[in-house]
Amino acid sequence: MHIFTYVMMSLAVCFGFLSTASAQHMAKMKSLNHPMHAEAEWKSLGQGTMVDGWVTPGLSASIGEELNPSDYAFKVEVYESVTTPHLYKLKSPWTSLEFPFLSKNENTEPHDIVIDATNPDFVRVAAQESGFVNVDKDRANFSDHFYIGNAGSYFSDEEGYSESEIISYGYASTMKDGVITIVSPRFGAQPKGATYGYNWQGEYAAVITLPSGQPAEQWVSAGTATITDGFITPGYLGDPSAHEWTVQVEESTATKGLYRLVNPYTTKECPLAGRNKNADNAYIKIDASDPDIVVIEPQYAGFTAYHSGELINFYVGNDMGIYVADGVSKDVLKGTASMADKIDKLVDGVINIKKPLFGKNATSEFGYEWTDGQGESLGYAARIELGKATAISGVVDGGTHAPAEYYDLQGMRVTTPRKGKVYIKRYNNKVSKILVK
């Protein structure tokens, strides 16, 4: 029987010390009337990065030793109001599979939050429910339900200070060069009153880095791939070469060689599908844009299952993916002699992953391999053999013309394009953006 071995980090949620800013250092002024915007339409900007100063610090293992949220940055989908520029919506950050402490959230329903950066010198996060419900019910003001905001909104709306005062005392959140910095994130068990307005002792900021590329990355069908799965299969079925399956592949229209596997563990062809407790769509992104160094950053695989009595969200990746996620460039890795034997490559349409890695999240519990009863690595590799139709080129062949395929700007297939809308058109392996007239 295979043993899932790793060093467990105890992440029991501890409340730590809380503080509220003293009103003795600020003179009260007339409250600012700045209601929360209600918007019906949003456009996707793509995926940004979030450093979470609201929830993550309180998920420390010891009381008074708060986690530094900058060590646990995660990706988040960002939307902008169609009618109000710089009014942003973060797509369900604490129920997203990207959140590294998802198991600490009792709530499983998606819940978005809104950030008003219409004034970049005074960004507001009005008091709102976060979507985070702490599994630890003993933590006062940090359980059912967890409301969030920021110091600027709290002191202006609840305490009656002016924007100029708040700016002068250093409590103004800002947006600059595509980065929103939330100074002194506020939280509590209610949106106002005695149980709201707390901040963590360490005065950690929340930082949202907006997507740099607009519109959001688009994806088109790129054939199929055959998977020999050394990431997860060995822990359940043994030798992965006896359990290959086929999965759909998509390629980025912006970056040639950037692929994603479509729902690899929920497709009915997957031999593990019957064990999977996850039914949502999930993609595994594989960066083979440089075939001499394939990068799979740690990411949720779309597979949640019981192992040794524990329900686990499985994250997968490779060695180079860990380094790239930590900010090391591919060029540096290729030029480092000690990395030569660890680099995976794309050769003749086949990606061989020498050491498939997995874990329970993308940060603190990642980088494990399947081992035997003596703790020795089972040594199974992963193999992804891309189909012949995978490479998207700019050349239209002279053979039989297949019907054109259309995709919206979020990469979803469209069967009947509408007039006046912009789509991605794929025709005989040539991809273009068109306006349907």
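## A first look at two cores and a sheet

Leaving aside neighbours within four places in sequence, Val55 is in contact with Trp94, Phe99, Phe132, Phe142 and Phe146. Keep in mind, as you explore, that this is a predicted model.

Val55 is a good place to start, as it belongs to the largest nonpolar core, which has 34 residues. Which of its residues touch the most other members? They are Trp54, Val55, Trp94 and Ile180. Several strands each supply at least two residues of this core: E2, E3, E4, E5, E9, E11 and E12. The largest share, three residues, comes from E3.

You will also find another core lying apart from this one, made of 33 residues. Among its members are Trp245, Val249, Ile286 and Ile351.

Now let us turn to a sheet. Four strands form an open sheet in the order E17-E18-E21-E22, and their pairing is antiparallel. Which strands sit at the edges? They are E17 and E22, each of which pairs on one side only. On average, neighbouring strands of this sheet are turned by 40 degrees against each other, direction ignored. As a general point, strands of a sheet pair through backbone hydrogen bonds.

E17 and E18 pair in the antiparallel sense over seven bridges. To see one of these pairings up close, find Phe303: its bridge partner in E18 is Phe314.

Here is where to find three strands of the sheet along the chain:

| Strand | Residues |
|---|---|
| E17 | 299-307 |
| E18 | 310-317 |
| E22 | 366-368 |

Note on methods. Residues numbered from 1 in each chain as written. Predicted model: local features only at pLDDT ≥ 70, side-chain atom pairs only at ≥ 80, totals over all residues. Heavy atoms only, no water. Pairing = 2+ DSSP bridges. Axes fitted to C-alpha atoms, helices over the stretch in contact; angles between N-to-C directions. Core = buried A, V, L, I, M, F, W, Y, C linked by side-chain atoms within 4.5 Å. Buried < 20%, exposed > 50% of the residue type's maximum accessible area, 1.4 Å probe, protein only. Contact = heavy atoms within 4.5 Å.
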